[in-house]
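Let's take a walk through this model together, one region at a time. Keep the viewer open and turn the structure as you read.

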Amino acid sequence: MSALLDAALGYAARAIPVYPVHWPRPGWGEPSLACSCARGVLCDRPAKHPLVRHGIHDATCDPIQLERWWSRWPAANLGLATGIVFDALDVDGPAGLAALRQLARAANLRLPGPLVATGGGGWHCWFRPTGLGNRPPRGLAHMDWRGIGGCVLAPPSRHASGRPYRWLRGLDQAPLPEVPAALRALLDPDRPTTDRLAHPTGPADPDRPPAVGHPYGHRILADELAALGRATPGRRNRTLNRTAFKVYRYVAGGLLDDQEVTLAFTTAALAIGLSAAETARTLASARTAGLANPRTVPAGPVLSIREDGP
Ligand SMILES: [Zn+2]
């Protein structure tokens, strides 16, 4: 049995639907590899597009069908449907890896689950399914989320460069983790905060603290991130300190999630050109000060959420 069919059956046994994808083959008279499709070296998605008509919609866990496909196309790459057994963070090439490493260091984000090195020099980080579709995480360049309706190529598929997809941490070595809350926050659709502010869910109960992820907190977070984005080059670090301090006060008040706020500010700070070291240092200081000065939803009707600075 070929390694490709063997792997296809292995994924199917884990209830991950599989479908066959074009593969790289030597181009005639060309030094580089060509796609196995009729367009050859001219293919714009070499070794990445489906061999079957409906692509991901034809994906199956049926071993008979898989054996049929891989006896017809023994070198076919393996496409896996995401959103069912797993979702994947698709980190694109060296630029994506550099961005992810910087983010992970600055925000203390850990990725403990199964991990694939793609043949194109990036990573696929596998997680338990979120129920979300395909979308780029907000503010993260060179990264994509593969969820419901999505797909990834899987080991031992080969990239058009000739390099194989391979496991850095296999499915037997690590369970599928939940998506870290901070990363999840960048994937959720934008919250309709204005609407929820205008229509509160019920009378305030003074004995019950407001829920983490309170709309008021998210509005403050969005406003302060926007203010940070507008900071002029000489004032970026100071603005990071001021805006993050204000938001961490609402973390202390129980309105926002600590990790989500840290990741959101880290992403925004790196995006405006602050270094990872500077960002981590400033955020740590703003966090300590903010957590020591809790704030919560103002009493009385919320007419305006603008407020005085710290
Ligand atoms: Zn092709």
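A salt bridge here means a side-chain nitrogen of Lys or Arg within 4 Å of a carboxyl oxygen of Asp or Glu. With that rule, a search of the whole structure turns up 7 salt bridges. Before we visit some of them, a word on the ground rules. This is a predicted model, in which local features need pLDDT of at least 70 and side-chain atom pairs count only at pLDDT 80 or more, while totals for chains, interfaces and linings use all residues. Residues are numbered from 1 along each chain as its sequence is written, and side-chain values use heavy atoms, with hydrogens and water left out.

Let's start with the overall picture. The chain contains 9 helices and 10 strands; these are DSSP runs numbered from the N terminus, with helices being H or I runs of at least four residues and strands E runs of at least two. Of the 310 residues in the chain, 48% are buried, where buried means under 20% relative accessible area, exposed over 50% and partly exposed in between, using a 1.4 Å probe and protein chains only. A contact means heavy atoms within 4.5 Å. Among contacts between residues at least 6 apart in sequence, 75% join residues at least 24 apart.

Now look at the zinc ion. Cys35, Cys37 and Cys43 each coordinate the zinc ion through SG, and His49 does so through NE2, at 2.0 to 2.3 Å. Donors are N, O and S atoms within 2.8 Å of the metal (3.2 Å for Na, K and Ca), and since water is not among the atoms, sites may look incomplete. The angles among the 4 donor atoms run from 103 to 115 degrees, and the site is tetrahedral. For four donors, that label requires all angles to lie between 85 and 135 degrees. Along the chain, the donors follow the spacing C-x1-C-x5-C-x5-H. Two of the ligands, Cys35 and Cys43, are buried.

Next, the nonpolar interior. A nonpolar core is a set of buried Ala, Val, Leu, Ile, Met, Phe, Trp, Tyr and Cys residues joined through side-chain atoms within 4.5 Å. The largest such core has 33 residues, and those with the most contacts inside it include Tyr11, Leu66, Trp70 and Trp126. Helix H1 (3-13), strand S1 (18-21), helix H2 (63-72), strand S4 (77-81) and strand S9 (151-154) each contribute at least two residues to this core. H1 gives the largest share, 7 residues. Tyr11 is a good residue to centre on: leaving out residues up to four places away in sequence, Tyr11 touches Ile16, Val18, Leu78, Leu80, Trp126, Ala154, Pro155, Trp167 and Leu171. There is also a second, separate core of 26 residues, with Val91, Leu111, Trp123 and Leu183 among them.

Back to the salt bridges. Asp172 pairs with Arg14, their closest N and O atoms lying 2.6 Å apart. Asp172 sits in the loop between strand S10 (166-169) and helix H4 (181-187), and Arg14 in the loop between H1 and S1, so this pair ties together parts that are 158 residues apart in sequence. Asp172 counts as exposed at 72% relative accessibility, whereas Arg14, at 36%, counts as partly exposed.

A second bridge joins Arg146 to Asp90, with 3.3 Å between the closest N and O atoms. Arg146 belongs to strand S8 (residues 143-146) and Asp90 to strand S5 (residues 87-91), 56 residues apart. Arg146 is partly exposed at 22% relative accessibility, while Asp90 is buried at 17%. A third bridge connects Glu178 and Arg128 (3.3 Å, N to O). Glu178 is in the loop between S10 and H4 and Arg128 in the loop between strand S7 (123-127) and S8, so the pair ties together parts 50 residues apart in sequence. Through shared partners, salt bridges join Asp90, Asp144 and Arg146 into one network.

Finally, find helix H8 (residues 258-271). Buried residues account for 11 of its 14, so H8 is largely enclosed by the rest of the structure. Its buried residues pack against helix H3 (93-107), H4, helix H6 (215-229), H7 and helix H9 (276-291). In H7 (residues 236-252) you will also find Arg249, which is buried at 17% relative accessibility. Beyond its neighbours within four places in sequence, Arg249 contacts Gly290, Asn293, Pro294 and Arg295.

Key:
Four donors count as tetrahedral if all angles lie between 85 and 135 degrees; four count as square planar and six as octahedral if opposite donors are over 155 degrees apart and all others between 65 and 115; anything else is irregular.
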